[in-house]
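Student: Could you take me through one part of this model closely, namely chain C and the way it joins its neighbours? I'd like one connected account rather than a list.

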Amino acid sequence: MTRDMNKYLRDGLPGTRFCPGCGHGILMGAILRAVDRLDVALDDLLFVSGIGCAAWIPSPNIGTDTLHTLHGRALAFATGAKLANPKLTTIVASGDGDLTSIGGNHLIHSARRNLDVTVICANNLIYGMTGGQTASTTPVGARTSTDPDGNNFRPFDICNLVMASGARYAARFPVTRPKQLIDAIEKALRIEGFTFVEAVSPCPTQFGRRNSTAEISALYDSVDSQCISRAEAQTMDEDERLRHFVVGEFEP
Amino acid sequence: MAGRKRVAETTEVLLQGNVAVAEAAIAVGCRFFGGYPITPSSEIMVRMAELLRADDGVFIQMEDELASICAVIGASWSGAKSMTATSGPGLSLMQEALGYAYFTETPLVLVDIQRAGPATGQATHVGQGDMMQFKYGSHGDVFPVALVPWSVQECYDLTIRAFNLSEKFRVPVFLAADEAVGHLRENVVLHRNFEVVDRIKEGAGDPFGSPLPDGVPIMPAFGDGGRLMVTGSTHDGRGFRKVDDPEIHDTLVTRLMRKTLDHVDEIVEVEEYMLDDAEIAFFAYGVSARSALAAAKRLRSKGVKAGLLRALTIWPFPEKQVTQLGARVKTIVVPELNKGMITGVARGFTGTPVHAFAQTNGKIIEPDSLVKFVEGLP
Amino acid sequence: MNHAMNRSPVQVRIGGEAGQGVILAGVMLAQAAIGDGRKVAQSARYGAAVRGGEATADLVISDTPIDYPHVETPDILVVFSQQTYDKFAPAGTGDTKVFYDPFFVTPSKTAGGSLWEISATEMAIEKFGKSTSSNLIVLGFIAQLTEVVSEESLLAAIEQNLPSRHRAAGLEALAMGKKAAVEAGA
């Protein structure tokens, strides 16, 4: 069954600005398909984003109210907008650097307050827009423009971070598994309170060409092959686990 | 503490300046406060917490000042008149978002209770060292509005005016108060004798553009069906990002400037004291203007023809008034609790000598030391 | 004096340590003065710590708008600590009336002004078992001796500022101060 997603797109758009092979287009499609399963009027939807490639998923592409904010501060803006008008279904869509590094404090405090928003974090493992610098989500050993010999620091486990901070639901899936991703976003949107979906959305331009391969399909295969279940993760030591993406749902 | 219950609208009561700010905000229709504790402004947030919760408004204590000002901007776009309050260190942290608020034409009121800086400085003692931050704290050209109260009554009256100007011009407005006025307790009348200005939500035109060179666009709220695109990047009238178009950027930056500068006659307020025959004039603002008025009276009693021009609006700067003052008097003295920030600005608008009485010891200026300073001038 | 025309401005300074009720005493005095139909400017100076450290309450009372809002030369100085006494006691001859609590302050033999001793802390401990009402005893004492505010307005200010469970004790403390003043003045 196909549905017309065009009604969610803003009039007069020239097309998205994403690089060829960027996962964010898939993620945008997943968000819209999840929203489409809800009974919410477009006028009651608010998308809030920060700065970076992922912040351009909603702004200007999605034809609802959109608030394209400052780097890191999407959740702080969303807090004011949602509290001042609680009838707004508020979705924060932004990148890993935006939400977990410069905006990390707002992320954990919004979860602590159980702010009634759904956060969708497009995790491309790197700073894309500024030229491939190391992020707080870059895997150990991955090469970046600021760590050409490989990153030495462990990445955040963002889902566990927000769950420990009080989130009601978190999930992690790669864009290579769109069905699970759509289901997870839908579930997050239906749960009242602070919910979080991390979409592993590899960046061919900045991450792929420095690491696995410049070939887009090979990059997607590589990411997908690193995905393991939480049960599988239990059997691994930390070093091995850090080379994988633990996918699935996290509930309190 | 007095005033947990609402007081009568005509009676003089004893209130602290900070509390009068909160009372005014509620009276003029503020429905959202986001803030973070900081001395010497915290009484404002405490009172706002009481008043907003009692009145179905929204009070939220955020995780830091960065978050506070951003929440205020978000709330303003959801249609609520919104405010935060802070002091110098918090104002420094808020600067990026203040530029955002200015560029997205978001009405809000920021109350700054200035303390002795820089850095942590002397948190409980007075300063006026943020005067340039209001105007020059943000990157890029910004032309916001800053009002300066000198009494508790003006903490009330100018907070109301700050909201009204903010709504009318869609611009962030500062209440540039200081610790001495914020913590002062005086007689105040919490009157309701004022006009309330609200942003225009509907009408012709786009939410981020105007055919007029100084025009203020309509501002629908989130949820009103406007499908708004709010962005801090350069944008066209509808809100589409236009980050490579030179003409759109220049047109936007220029219109935002003219929105306030073309209306200085409406925005700028000054008061004159004993200037008719004055030969020496103080040009002053905030608590320092009270020292100046006392000093001018003492100088008069000693036969010196002294007067005072007091700025109630410091940004946009009262350029015309300072030029006119320079033409009337032989000498101007600017007493201020910083190293001469406004003195330097005033010098740009008159050829008459402008002397700084710059005091940075965490205290307000004693009138006798101003008298002595004037008597010692050549 | 309170209801006379052209009452002259009065400058009051109360010094002590944070937590002694210094600032509350200043606030109540200011409220009483407003009750008398006057203009006030009441301010405080204190350090960053919530408890301890020097605290000073200033109050200017006038029938006309007050320009400079802080105290320059106090007409009435009340001190609850040696530190604030040493800092603010008038040098040489002055008109300042200095009120001190001997529990905390030993006045200098050379300082100026007129000295008034009020053992407020001792009286409070004796009567109430703790020192917290000493500020009200002092207020009753100086109101009686200086007529800086009317008794009626001071009573109203205390009623407004004290929670109901402390009100009776507060009014009693005020009366103790007044009685001591009548005795001292006699």
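**Chain C and its neighbours**

Tutor: Happy to. Chain C holds 6 helices and 6 strands, and keep in mind throughout that this is a predicted model. If you walk along the sequence of chain C, the pattern reads β-α-β-β-β-α-β-β-α-α-α-α. Its C-alpha trace spans about 40 × 40 × 40 Å along the principal axes. The radius of gyration of chain C is 15 Å, which agrees with the value near 16 Å that a compact globule of 186 residues would have. Of those 186 residues in chain C, 49% are buried. As for how the chain folds back on itself, take the contacts between residues at least 6 apart in sequence: 57% of them join residues at least 24 apart.

Now to the sheet, where chain C and chain B come together. It's an open sheet of 8 strands with mixed pairing, and the order is β1(B)-β9(B)-β2(C)-β3(C)-β1(C)-β4(C)-β5(C)-β6(C). Its edge strands are β1 of chain B, residues 12–16, and β6 of chain C, residues 114–117, and each of these pairs on one side only. From one strand to the next, the twist averages 25°.

Let's start at the chain C edge. There, β5(C), residues 97–100, runs parallel to β6(C), and 4 bridges join the two. For a landmark in that pairing, find Lys97(C), which stands opposite Ser114(C) in β6(C). Over on chain B, helix α1 (residues 17–27) packs on the sheet and touches β1 and β9 of chain B. The direction of α1(B) makes about 110° with that of β1(B).

The crossing from one chain to the other is where β9(B), residues 185–189, pairs with β2(C) in the antiparallel sense over 2 bridges. To find the spot, look for Glu186(B), which stands opposite Ala41(C) in β2(C). As a reminder of what such pairing involves, strands of a sheet pair through backbone hydrogen bonds, either parallel or antiparallel.

That crossing belongs to a wider interface: 20 residues of chain C are in contact with 19 residues of chain B. On the chain C side, the elements that give two or more residues are α1 (22–35), β2 (39–46) and α5 (151–161). The biggest giver among the elements is β2(C), with 7 residues, and β2(C) is also the strand that pairs with β9(B). Sorted by class, the side of chain C that touches chain B has 10 nonpolar, 7 polar and 3 charged residues.

What about chain A? No contact joins chain A and chain C, and their closest C-alpha atoms lie 27 Å apart. Of the 2 pairs of chains that touch, chains A and B have the most contacts between them. In that pair, 28 residues of chain A are in contact with 33 residues of chain B. On the chain A side, β2 (65–68), α2 (74–84) and α4 (104–112) each supply at least two residues, and α2(A) gives the most, with 8 residues. By class, the side of chain A that touches chain B has 11 nonpolar, 12 polar and 5 charged residues.

There's strand pairing between chains here as well. β2(A) and β10(B), residues 229–231, pair in the parallel sense over 3 bridges, whereas β9(B) and β2(C) pair in the antiparallel sense. In the pairing with chain A, His68(A) stands opposite Thr231(B) in β10(B).

One last step, into chain B itself, which is divided into domain 1 (12–189) and domain 2 (271–375). The centres of the two domains, taken over C-alpha atoms, are separated by 26 Å. Between them, 23 residues of domain 1 are in contact with 22 residues of domain 2. The domain 1 side draws two or more residues from each of β6 (122–126), α5 (131–136), β7 (145–147), β8 (172–178) and α7 (179–183) of chain B. Among these elements α5(B) gives the most, with 4 residues. By class, that side of domain 1 has 16 nonpolar, 5 polar and 2 charged residues.

Methods: Residues are numbered from 1 along each chain as its sequence is written. Chains are lettered from A and ligands numbered from 1 in the order in which they are written. This is a predicted model: local features need pLDDT of at least 70, side-chain atom pairs count only at pLDDT 80 or more; totals for chains, interfaces and linings use all residues. The radius of gyration is taken over C-alpha atoms; the globule rule is 2.2 Å times the number of residues to the power 0.38. A residue is buried if 20 or more other C-beta atoms lie within 10 Å of its own, exposed if 12 or fewer, and partly exposed in between; C-beta atoms are placed from the backbone. Two residues are in contact if their C-beta atoms, placed from the backbone, lie within 7 Å. Ala, Val, Leu, Ile, Met, Phe, Trp, Tyr, Cys and Pro count as nonpolar, Asp, Glu, Lys and Arg as charged, and the others, Gly among them, as polar. Two strands pair if DSSP finds at least two bridges between them. Axes are lines fitted to C-alpha atoms, for helices over the stretch in contact, and angles run from 0 to 180 degrees between N-to-C directions. Domain bounds come from an automatic or database domain assignment.
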